[in-house]
Amino acid sequence: MKIRTLHPWDVTFQEAVKIQESLQSQIVIRKLKQKIKLVAGVDVSTSRRSHAVWAGAVVMAFPGLMMVEERWIRGSSDFPYVPGLLSFREIPHILNVLGQLKNEPDLFLCDGQGIAHPRGLGLASHLGLITQKPSIGCAKTRLVGEYAQVEYDRGSRSDLLYRGRKVGMVLRTKKGVKPIFISPGYGVTAGQAVEIVLKCTGKYRLPEPIRKAHLLVNRARREEEG
DNA sequence: GCGACAG
DNA sequence: ATCTTGTCGC
């Protein structure tokens with residue numbers, strides 16, 4: 001797939017914020033244009049003892065969820081974790097692993113936010129903009145926004161509101177288990193995002209492609225650093 | 001100044 | 001995120 005170079009990654013925090021502000025207007029939230037046949041879950045694992053990072057991508061058929069391909073790579077990260085600037089830490093490595101894929105995904109499921117972000121450009125939105133692919137943010141905890149408590153049953157949801165705008169949904173993917181924060185990243189609506197995430201979950205809290213990517217990078221890290 | 005804060 | 005054993009609830 002084509003990966004666009006929109007800006008440098010080796011930037012200061014202030015420059016990163018400026019980049020996000022300038023890119024935000026390019027985020028398009030609309031109904032999917034294409035049928036989704038391949039979904040990719042991406043995740044990054046970091047080391048506590050060094051700057052090493054492991055990025056992974058798991059491609060699965062949709063909606064059947066048969067495994068199609070999985071790849072991982074090791075890299076080195078200089079940018080620290082800063083709330084609101086996660087993409088500057090993780091996306092460079094995610095792009096490297098995406099470059100290894102033989103199968104081009106139709107949509108990305110990301111561990112983090114989409115437009116539910118202080119400047120409307122969470123990791124999922126940023127990745128979708130760069131790849132020009134639909135993307136969905138699936139975060140385990142809140143970054144911004146307010147919401148009403150979510151009911152107990154699977155499928156229950158509550159709007160995530162931020163500055164008077166609906167930026168996502170808080171979704172219960174498994175009964176009695178903590179809900180996750182779904183926000184459209186790029187090229188998909190919140191309703192479709194929820195629909196897709198529910199089709200990718202069942203037995204576990206997180207969407208299967210993300211969960212598989214998480215296991216993949218943790219396995220890789222454990223094998224490499226003991 | 002204080003509290004909040006994806007991974 | 002990472003570190004880290006047992007334990008409580010569906």
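**Notes on the two DNA strands and the sheet**

1. Starting with the bases of DNA strand B: one base nitrogen there sits 3.0 Å from a polar backbone atom of Leu 123. Keep in mind while reading on that this is a predicted model.

2. Leu 123 has company in using its backbone. For Gln 113, a backbone N or O atom is 3.0 Å from a base nitrogen of DNA strand B. For Leu 85, the corresponding distance from a backbone N or O atom to a base nitrogen of that strand is 3.4 Å.

3. What else is around DNA strand B? There are 17 surrounding residues, and the closest are Tyr 81, Gly 84, Lys 140, Thr 141 and Arg 142. By class, that surface splits into seven nonpolar, six polar and four charged residues. As for the DNA side, 53% of the strand B atoms within 4 Å of the protein are sugar or phosphate, and the rest belong to bases.

4. Now for DNA strand C. Of its atoms within 4 Å of the protein, 100% belong to sugar or phosphate. The residues around this strand are Ser 45, Thr 46, Arg 48, Lys 140, Tyr 152, His 214, Asn 218 and Arg 221. They divide into one nonpolar, four polar and three charged. Lys 140 is worth a look, since it turns up around strand C and also among the closest residues to strand B.

5. Which side chains make polar contacts with DNA strand C? Tyr 152 places a polar side-chain atom 3.0 Å from a sugar or linking oxygen. Asn 218 has a side-chain N or O atom 3.3 Å from a phosphate oxygen, and Arg 221 likewise has a side-chain N or O atom 3.3 Å from a phosphate oxygen. S1 and H5 are the elements that give two or more residues to this surface, with H5 supplying the largest share, three residues.

6. On to the sheet. Eight strands make up an open sheet with mixed pairing, in the order S3-S2-S1-S4-S5-S8-S7-S6. At the edges are strand S3 (67-76) and strand S6 (157-162), each of which pairs on one side only. From one strand to the next, the twist averages 25°.

7. The S2 and S3 end is easy to trace. Strand S2 (residues 52-61) runs antiparallel to S3, and nine bridges join the two. Two pairs to check on screen: Trp 54 stands opposite Arg 74 in S3, and Ala 57 has Arg 71 in S3 as its bridge partner. The hairpin of these strands has five residues between them, and Leu 65 there takes a positive phi near 65°.

8. How does helix H5 sit relative to the sheet? H5 (residues 208-225) lies across strand S1 (38-46), S2, S3, strand S4 (107-110) and strand S5 (135-139), and its direction is at about 145° to S2. So the helix that gives three residues to the surface near DNA strand C is also one that lies across five named strands, including S1.

9. Last, a residue elsewhere: is Glu 195 buried or exposed? Glu 195 belongs to helix H4 (residues 190-199). The answer lies in between: Glu 195 counts as partly exposed because its relative accessible area is 44%, and buried would need under 20%, exposed over 50%. Gly 155 is 40 residues away from Glu 195 in sequence, yet the two C-alpha atoms are 9.2 Å apart in space.

Key: Residues are numbered from 1 along each chain as its sequence is written. Chains are lettered from A and ligands numbered from 1 in the order in which they are written. This is a predicted model: local features need pLDDT of at least 70, side-chain atom pairs count only at pLDDT 80 or more; totals for chains, interfaces and linings use all residues. Side-chain values use heavy atoms; hydrogens and water are left out. A residue is near a molecule or strand if one of its heavy atoms lies within 4 Å of it. A polar contact is a pair of N or O atoms within 3.5 Å; within protein, one must be able to donate a hydrogen and the other to accept it, and residues adjacent in sequence count only if both atoms are side-chain atoms. Ala, Val, Leu, Ile, Met, Phe, Trp, Tyr, Cys and Pro count as nonpolar, Asp, Glu, Lys and Arg as charged, and the others, Gly among them, as polar. Two strands pair if DSSP finds at least two bridges between them. Helices (H or I, at least four residues) and strands (E, at least two) are DSSP runs, numbered from the N terminus. Axes are lines fitted to C-alpha atoms, for helices over the stretch in contact, and angles run from 0 to 180 degrees between N-to-C directions. Contact means heavy atoms within 4.5 Å. Buried means under 20% relative accessible area, exposed over 50%, partly exposed in between (1.4 Å probe, protein chains only).
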